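I opened this model to see how its helices pack and where its chains touch. My notes are below, in the order in which I looked things up.

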Amino acid sequence: MGMRPGKDVRVTLLAILIAVCSPGGLAHAATPGEHAGHAGQAQRADQLEHVEPGGHVDQAGHADQPEHVDQTGHAEHPPELPNLIHLLYKALGGEAADTAPPAWIVLCYRFQDVFYALLVALIIIVIVRWGTRRMEQIPGPVQNVVEFFIEGFHSFILGILGPGGERYVPFLGTLFLYIWFMNLFGLVPLMKSPTAGLNTTAALAISVFLYVQWTGMRHLGPIRYVKHLAGDPQDVVGWCMVPLMLPLHVISELAKPVSLALRLFGNILGEDVLIGVFAGLGIAVLAFVHSPVGVPLHLPFILLALLMSTVQALVFTLLSAIYIMQMLPHDEVGRETDAVAAAAVDGARTAGTDLTLSGSHTSLGGR
Amino acid sequence: MEAATALGFALPIGLGLAALGSGLGLGRAISAAMEAMGRQPEAADKIQVAMIIGAAFIEALTIYAFVSVFVLSAKI
């Protein structure tokens, strides 16, 4: 792979930095209930009176203790499987009315998405370092897996962006790996998907947005960039449409990160909640015999979640690649991909059958 | 009708309607993609990528409804 390591590392670090730094602040401003939950015991006791007993029960295990429904901050959260930090927080008295938990666990609990995101980043770094520590001509198992993955992703991205897309492979590959691992992390017992929080996905989407705009500026130059946003006016009609097209394009550019973030967040939260609800149901159906274990009703949804995690990571990466592609100069990219497609058709040598890879799928309509 | 009661009725029905629309859209999109792949297996990779992107856009509409249901379900 002829990639320059210095640049890759910088882009990757930037992405991870943005992803890790921006969660936290945004979100906790958006959920005032959580602040109230940690503010103090006096407030908590105050809120206790306003909560109807049995109003919102978080897990099946809580059902027999109606006095513990004091988690006004939690009542807004959908049911999810408990994770390590949540359990520690609970064990250290974070949810009882009369004890104050230690400061470090409160911090960890509030920033649990950041904690798990960092953990995932650490795991990826360790795996890749392990795979590339001693590079050999005949690769060992870990190096083999890493190389297989990188080569596959390289050809996948080049298939979309065309030749010249090599420089975007590190960023997009990091994005895919990071999101994929974060999605799958929720299926590990005692862990949580950081992408099931809006902060993490918003941070990723914002970093993609900034990268795409920067790419556009760098490739087009400031003047052509603004012209591109105005819809590339060519003639008088085009220039007359500029007052309409410019706000339209600006709004659509701003809508891209919102839709990216919400899509990933909604899908991963949805699958985690689904697993949480069915795990709770599995415990609830055996609750009347006081069984220590439940029925694993959530098993099929774990398989579904495996599939969805991969697909959503792929979709996020694919859409980022397409946003980058839209920012690149149209004429150059178009000519290059056409040339490649023509070469592919020549190389295929399919006499008799009309193999139309060059984009004219419409010829099939007449059959 | 109280606001909470109205929300309690409206949220599941709204989510169901959004899912219905997405389901119809996904059905059309994927059947067309399958047909295209069947006619032209050589281009299956390209069609599949385009199909996944399209499916993501269609599915996003249901996800927006799902997110707003979660946001609003705190008010019930």
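The entries run from the overall make-up to helix pairs and then to single residues.

**Entry 1. What I am looking at**

I note at the start that this is a predicted model. I counted secondary structure in chain A and found 15 helices and zero strands. I then looked up burial: chain A has 367 residues, and 29% of them are buried. For contacts in chain A with a separation of 6 or more, I found that 62% join residues 24 or more positions apart.

**Entry 2. Where the chains touch**

I asked how many residues each chain gives to the contact. Chain A gives 17 residues and chain B gives 15. On the chain B side, helix H2, residues 44–73, holds the largest share, with 10 residues. I sorted that side of chain B by class and got 12 nonpolar residues, two charged and one polar.

**Entry 3. H13(A) against H2(B)**

I went on to a helix pair that spans the two chains. The axes of H13(A) and H2(B) are 9 Å apart, and the helices pack at an angle of about 70 degrees. An angle from 65 to 115 degrees counts as roughly perpendicular, so H13(A) is roughly perpendicular to H2(B). I recorded the crossing of this pair as left-handed.

I listed who takes part. From H13(A) I have A:Ser259, A:Leu262, A:Arg263, A:Phe265, A:Gly266, A:Asn267 and A:Gly270. From H2(B) I have B:Ala56, B:Ala60, B:Ile63, B:Tyr64, B:Phe66 and B:Val67. By class, this contact has eight nonpolar residues, four polar and one charged.

**Entry 4. H9(A) against H14(A)**

Next I took a pair within chain A. Helix H9 (residues 141–161) and helix H14 (residues 299–327) of chain A have axes 10 Å apart and pack at an angle of about 40 degrees. That angle makes H9(A) oblique to H14(A). I recorded a right-handed crossing for H9(A) and H14(A).

Which residues meet here, I asked, between H9(A) and H14(A)? On H9(A) they are A:Ile157, A:Ile160 and A:Leu161, and on H14(A) they are A:Ala321, A:Ile324 and A:Met325. I classed the residues of this contact as six nonpolar, with no polar and no charged.

**Entry 5. The largest nonpolar core**

I looked up the largest nonpolar core and found 56 residues in it. The members that touch the most other members are A:Val120, A:Leu172, A:Tyr178, A:Ile179, A:Ala261 and A:Phe316. I then asked which helices supply at least two residues each. In chain A these are H6 (84–91), H8 (112–132), H9, H10 (169–185), H11 (198–229), H13 (242–285) and H14, and H2 of chain B joins them. H10(A) gives the most to this core, with 12 residues.

**Entry 6. One residue on H14: A:Leu319**

I picked A:Leu319, which is found in helix H14 of chain A. Is it buried or exposed? A:Leu319 has 21 C-beta neighbours inside 10 Å, and so it counts as buried. Leaving out residues up to four places away in sequence, I found that A:Leu319 touches A:Leu260, B:Ile53 and B:Ala56. I checked the spacing to A:Leu260: the C-alpha atoms are 8.1 Å apart, while the two residues are 59 residues apart in sequence.

**Entry 7. One residue on H13: A:Ala255**

I looked at A:Ala255, which is in helix H13 of chain A. A:Ala255 counts as exposed because it has 10 C-beta neighbours inside 10 Å. The C-alpha atoms of A:Ala255 and A:Phe209 are separated by 9.9 Å, and the pair is 46 residues apart along the chain.

**Entry 8. Positive phi in two loops**

I noted two residues for their backbone angle. A:Leu190 is not a glycine, yet it has a positive phi of about 70 degrees. I placed A:Leu190 in the loop between H10 and H11 of chain A. With 12 C-beta neighbours inside 10 Å, A:Leu190 counts as exposed.

A:His290, also a residue other than glycine, has a positive phi near 55 degrees. I found A:His290 in the loop between H13 and H14 of chain A. It has 6 C-beta neighbours inside 10 Å, so A:His290 counts as exposed.

Conventions
Residues are numbered from 1 along each chain as its sequence is written. Chains are lettered from A and ligands numbered from 1 in the order in which they are written. This is a predicted model: local features need pLDDT of at least 70, side-chain atom pairs count only at pLDDT 80 or more; totals for chains, interfaces and linings use all residues. Two residues are in contact if their C-beta atoms, placed from the backbone, lie within 7 Å. Helices (H or I, at least four residues) and strands (E, at least two) are DSSP runs, numbered from the N terminus. Ala, Val, Leu, Ile, Met, Phe, Trp, Tyr, Cys and Pro count as nonpolar, Asp, Glu, Lys and Arg as charged, and the others, Gly among them, as polar. Axes are lines fitted to C-alpha atoms, for helices over the stretch in contact, and angles run from 0 to 180 degrees between N-to-C directions. Angles under 35 degrees count as roughly parallel, over 145 as roughly antiparallel, 65 to 115 as roughly perpendicular and the rest as oblique. A crossing is left-handed if the near helix is turned anticlockwise from the far one by less than a right angle, and right-handed if clockwise. A nonpolar core is a set of buried Ala, Val, Leu, Ile, Met, Phe, Trp, Tyr and Cys residues joined through C-beta atoms within 7 Å. A residue is buried if 20 or more other C-beta atoms lie within 10 Å of its own, exposed if 12 or fewer, and partly exposed in between; C-beta atoms are placed from the backbone.
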